[in-house]
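Subject: The model I promised you

Hi,

Here is the structure we talked about, handed over for you to look through. Have a look at it first, and then read on for my notes.

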Amino acid sequence: MSVALLWVVSPCDVSNGTGFLVSVREGNRIFDSSGRRNLVCNERIKRGGGKQRWSFGSCLGGAQTGSGRKFSVRSAIVATPAGEMTMSSEQMVYDVVLRQAALVKRQLRSTDELDVKKDIPIPGTLGLLSEAYDRCSEVCAEYAKTFYLGTMLMTPERRKAIWAIYVWCRRTDELVDGPNASHITPTALDRWEDRLEDVFSGRPFDMLDAALSDTVSKFPVDIQPFRDMIEGMRMDLRKSRYRNFDELYLYCYYVAGTVGLMSVPIMGIAPESKATTESVYNAALALGIANQLTNILRDVGEDARRGRVYLPQDELAQAGLSDEDIFAGRVTDKWRIFMKKQIQRARKFFDEAEKGVTELSAASRWPVLASLLLYRRILDEIEANDYNNFTKRAYVSKPKKLIALPIAYAKSLVPSTRT
């Protein structure tokens with residue numbers, strides 16, 4: 001699954017990232033075409049196949065239900081075929097949400113502008129942090145142009161922090177979908193996770209690690225969503241089918257919902273917001289799940305050509321469909337009925353997400369809303385293609401993007417009113 005690096009951008013603004021990693025090996029390190037160290041790491045790593053994974057558009061959206069919980073798609077406790085009771089993916093993810101919310105509850109509500117700590121001193125490289133953030137900025141500006149423009153609406157410190165997280169997520173995705181992807185091993189991912197631990201401990205390996213290390217020292221960003229994204233890469237190495245939506249939900253969290261949890265502390269919650277911190281994190285998760293489900297529905301044909309099916313197997317069977325129908329690319333009435341239900345589910349997540357965008361700080365609302373509106377329109381394009389997502393790629397045209405941006409801006413001006 002290649003990554004969906006979007007904020008205010010549609011998929012055509014994003015590549016799978018291979019273009020900026022023309023690499024040469026020197027010793028045990030990799031350098032890019034500019035002479036800087038390669039954005040991935042000093043590992044040679046194996047391809048896992050992979051689908052468009054995460055989205056910086058998944059940074060917010062959504063509202064809290066009366067009980068304080070967000071997602072009512074599945075029950076929290078489910079029974080196995082053997083009759084055993086086990087925790088659902090939704091509940092496991094919600095437990096992570098609670099931990100993240102507890103971490104930032106006091107800091108985010110204290111003030112809209114954070115008291116920024118001093119840069120991490122790195123002996124012998126006094127200008128490294130400035131250069132590191134500049135490099136992160138260059139990557140964002142080149143490979144996610146509209147996303148980059150959206151970040152310019154933020155305060156300088158928030159902007160730099162989002163750039164640093166963006167680049168780490170992109171590097172992580174490159175492990176399974178970049179130029180060295182055909183060589184990836186689980187051990188390489190383990191080493192990447194060890195390197196992440198070093199970043200959070202203030203021991204960066206390179207300048208791009210230094211930018212993230214500086215970011216997590218300034219903002220209440222927790223390491224768990226970063227670990228979980230790496231787990232999503234591991235899942236792509238070992239898994240190409242999903243028995244039910246519960247399994248697919250967990251995958252969507254790992255590869256897309258995590259970005260929202262990483263980003264909420266940076267984006268900031270509006271000082272006037274009366275919403276709970278938990279509901280804001282749930283909102284971020286809702287948009288991440290919605291975006292990933294949209295990726296999956298858009299890329300059915302592309303994934304099938306890689307031998308991968310990111311659709312719930314039990315729901316395919318209930319619709320009278322199988323993997324063979326997908327590999328054959330048959331657009332039948334059964335397929336149309338199945339797709340309508342899948343699109344309906346994705347739209348429910350988008351609807352949940354949209355309710356919560358006004359809880360963000362004012363400078364963050366417009367880019368997130370623009371992302372939501374643009375990505376949701378991909379579902380409209382799938383319908384316009386008569387549900388042929390085997391040979392036709394659904395995309396949002398530039399005129400439609402231009403129309404969406406002022407609509408998103410107008411919506412972003414609506415102040416938080418939830419209690």
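Below is what turned up, starting with confidence and ending with a few individual residues.

First, the caveat: this is a predicted model. The mean pLDDT of the chain is 78, with 73% of the residues at 70 or more. Confidence peaks in helix α11 (residues 313-318), where it reaches 98, and bottoms out in strand β1 (residues 24-26), with a mean of 30. Residues 2-49 have a pLDDT below 50, though in the model that stretch still makes 184 contacts beyond near neighbours in sequence. A second stretch, residues 57-81, also has a pLDDT below 50, and there the count beyond near neighbours in sequence is 96 contacts. I'd read both of those parts with care.

On the overall fold, you'll see 15 helices and four strands in the chain. Of its 419 residues, 58% are buried. Take the contacts in the chain with a separation of 6 or more: 79% of them join residues 24 or more positions apart. The exposed surface of the chain comes to about 16400 Å², and carbon and sulfur atoms supply 53% of that.

Now the cysteines. How many disulfides does the structure hold? Zero. C140 shows why a bond is missing there: the closest cysteine sulfur, in C136, is 6.8 Å away, whereas a disulfide needs the two sulfurs within 2.5 Å. C140 is also buried, since its relative accessible area is 0%. C252 is likewise counted as buried, at 0% relative accessibility.

The aromatics gave me plenty to look at. Searching the whole structure finds twelve aromatic pairs. One of them is Y242 with Y251, a tilted pair with 5.3 Å between the centres and 45 degrees between the planes. Y242 and Y251 are both buried. Elsewhere, W168, W192, F200 and F226 come together as one aromatic cluster.

Two rings also have a charge sitting over them. In one case the ring belongs to Y133, and the charged end of K160 lies 4.7 Å from its centre. In the other, the charged end of R345 sits over F245, 3.9 Å from the centre of that ring.

For the backbone, go to the loop between α14 (362-384) and α15 (398-412), where you'll find D386. Its phi is near 60 degrees, a positive value in a residue other than glycine. Y387 is in the loop between α14 and α15 as well, and Y387 has a positive phi too, about 65 degrees, again without being a glycine. Are these two residues buried or exposed, or something in between? D386 is partly exposed, because its relative accessible area of 37% falls between the 20% and 50% cut-offs. Y387 is buried, because its 10% is under 20%.

Finally, some pairs that are far apart in sequence. A101 is in helix α1 (residues 89-110) and is buried, at 0% relative accessibility. Its C-alpha is 8.9 Å from that of T276, which is 175 residues away along the chain. Leaving out residues up to four places away in sequence, A101 touches T277, E278 and Y281.

E131 belongs to helix α2 (residues 128-143) and is partly exposed, with a relative accessible area of 35%. What separates the C-alpha atoms of E131 and A211 in space? The distance is 9.0 Å, for residues that are 80 apart along the chain.

R306 is in the loop between α10 (300-304) and α11, and R306 is partly exposed too, at 34% relative accessible area. From R306 to S240 the C-alpha distance is 9.5 Å, with their positions 66 residues apart in sequence.

If you open the model with one thing in mind, let it be the confidence: residues 2-49 and residues 57-81 are the stretches with pLDDT below 50 that I would colour before anything else.

Cheers

Conventions. Residues numbered from 1 in each chain as written. Predicted model: local features only at pLDDT ≥ 70, side-chain atom pairs only at ≥ 80, totals over all residues. Heavy atoms only, no water. pLDDT = per-residue confidence, 0-100. Helix = DSSP H or I, 4+ residues; strand = E, 2+ residues; numbered from the N terminus. Contact = heavy atoms within 4.5 Å. Buried < 20%, exposed > 50% of the residue type's maximum accessible area, 1.4 Å probe, protein only. Phe/Tyr/Trp six-rings, centres within 6.5 Å; stacked < 30°, edge-to-face > 60°. Lys NZ or Arg CZ within 6 Å of the ring centre and 35° of its normal. Areas by Shrake-Rupley, 256 points an atom, 1.4 Å probe, with all protein chains shown as cover.
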